[in-house]
Amino acid sequence: MSGLTIKTGAQFSAILGIGGYRPRRVVDNAEIITYIDSSDEWIRTRSGIAERRWACEDETVKMMSISAARKALDRSGIEPGQIDTVIVATVTHLYQTPAIATTIASELGATGAAAFDISAACAGFCYATAMADSFIRSGASKYVLIIGVERLSDITDKHDRSTAFIFADGAGAAVIGPSDTPGIGPVVWGSDGDQSELITQTEPWNRAMDPTTFSDGQPHWPVLQMEGNPVFKWASYTMAKTAAEAMDAAGVRPEDLDVFAPHQANNRITDAMFRALKLPSDVVIARDIINHGNTSAASVPLALETLLESGEAHSGQTCLIIGFGAGLVFAGQVIILP
Ligand SMILES: CC(C)(COP(=O)(O)OP(=O)(O)OC[C@H]1O[C@@H](n2cnc3c(N)ncnc32)[C@H](O)[C@@H]1OP(=O)(O)O)[C@@H](O)C(=O)NCCC(=O)NCCS
C-alpha cells in the first residue's frame, strides 16, 4: 500500500474579525443586593464588578450567537457561505443534543459547514481559537467561525452569595482564516480534573428533575456552585505561569506586548497576573468585567471588542489572551488583533 493522500493548509492563520452581543438588561449592584446579603462596595472591591447584563427571554443563546457572528463576519469581509466550520463554546445551551452550532450555521447561511459545540467553560473561546488555528493549518478548514456564548443567568441562583454577583450573559464571535503572517501563536492549554468540584453544576439533570432526590420532594433546577477562594488562588498564581508560557511559546517578551485580555473573572485576578508577568505599565488591560461581569466563554471576545471599539486597542497589535475556569481548564495564546 502506498499510503494515504493527506491535505495541508495555510502556513498561518489569523483572527479576521470580532463581534459581540450584550443583552439589553443592565443589572447593577443595587439590584443584586436585593437578592443577597452584600454591598455595592464589597462587590466592587472584591471583584471589580459594577454592573452586568442578564438576557431577556428573546435573547437566547442562538439569537445572541447569530448577532455576534454577523458582526464578526461583516468586519472580517468574509461571506457566510465561505465559512466551512462553526465551533460554539458554551456551557449554557440547555439541550443535551443537538449542538446549537448546526442551527447557527444554517441560519447564518454557512450551509453544510462542519458544526459542533465544545464545553470548556471560561476557556472555551481560547480552546476554540486553538482548534480553528490547527484546522486551518492542517487543511481541514479554510474559514472558521468561533462563538463563545453564555446565558449564565439561567443556571445561577440569584440568592447565592458566592455566585449571584459574578455571572452574566452575552456572546462574542470571531472569524478565523488563512493569513500570510502568523496571527495566532501556539496555544498553552490543559486541565486539572482533580479540582473539578470547585466550579460545578449542583446536580446532573436526571437527579435534579427527580423529586425523590431532595428532602422536600420537589425537583430542583440545577445551578452553578463555586468555591470562590480556591478558584481565585489557582487563577491568580497558576494562570500567570500559563500566560508566561504562552508568551514564551510565541517568542513574545513583556515589552513586545500591546494588550492583555485575560478571561474577565475578577479584576484582582487580572491585576495579580499582570504583576506576575511583569508587563510594562503601558500595556492596555481589558477591564470588561466592570460593566459586564463574568460571561464565561464570551468574556475574552467581548473584552476584545470593547477595546477595539473604544480605540484603546488597534488592529495589528500584539495581544495575550487566556481563559480559565470550570473543569478546571485553561488555554492561552498570543494573537495579532484584527
Ligand atoms: C468570589 C470572590 C470575589 C470572593 O472573594 P474572596 O476574597 O475570595 O472572598 P472570600 O470567599 O474569602 O470571603 C471573604 C469574606 O467575604 C464574605 N463574603 C463572601 N461573599 C460575599 C458577598 N457576596 N458579599 C459580601 N460578603 C461576602 C465572606 O463571608 C467572608 O467573610 P469573613 O471574612 O467574615 O469570613 C473571589 O473568590 C473570586 O473572584 N473567585 C474567583 C471567581 C471566579 O473567577 N470564578 C470563575 C472562574 S472562571
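**Strand β14 and its sheet**

Hi everyone, let's start with a pair of strands: β13, residues 318-325, and β14 run antiparallel, and 8 bridges join them. Before going on, please keep in mind that this is a predicted model.

How many residues lie between β13 and β14 in their hairpin? There are 3, and Gly327 in that turn has a positive phi of about 150 degrees. Beside the turn, Gly325 has Val329 of β14 as its bridge partner.

Now look at the other neighbour. Strand β8, residues 188-191, also pairs with β14, antiparallel and over 4 bridges. Here Val329 in β14 turns up again, this time as the bridge partner of Ser191. Val188, in turn, is bridged to Gly332 of β14.

Let's zoom out to the sheet. It is an open one with 5 strands and mixed pairing, and the order reads β8-β14-β13-β11-β12. Which strands stand at the edges? They are β8 and β12, the latter at 284-285; each has a single partner strand, so one side of each has no neighbour in the sheet.

Next, the helices. Helix α5, residues 124-138, packs on the sheet and touches β8, β13 and β14, with its direction at about 60 degrees to that of β14. Helix α7, residues 228-250, lies across β8, β13 and β14 as well, running at about 140 degrees to β13.

So, back to β14: is it largely enclosed or left open? Of its 8 residues, 329-336, 7 are buried, meaning under 20% relative accessible area. That is why we can call strand β14 largely enclosed by the rest of the structure. Thanks for listening!

Methods: Residues numbered from 1 in each chain as written. Predicted model: local features only at pLDDT ≥ 70, side-chain atom pairs only at ≥ 80, totals over all residues. Heavy atoms only, no water. Buried < 20%, exposed > 50% of the residue type's maximum accessible area, 1.4 Å probe, protein only. Helix = DSSP H or I, 4+ residues; strand = E, 2+ residues; numbered from the N terminus. Pairing = 2+ DSSP bridges. Contact = heavy atoms within 4.5 Å. Axes fitted to C-alpha atoms, helices over the stretch in contact; angles between N-to-C directions.
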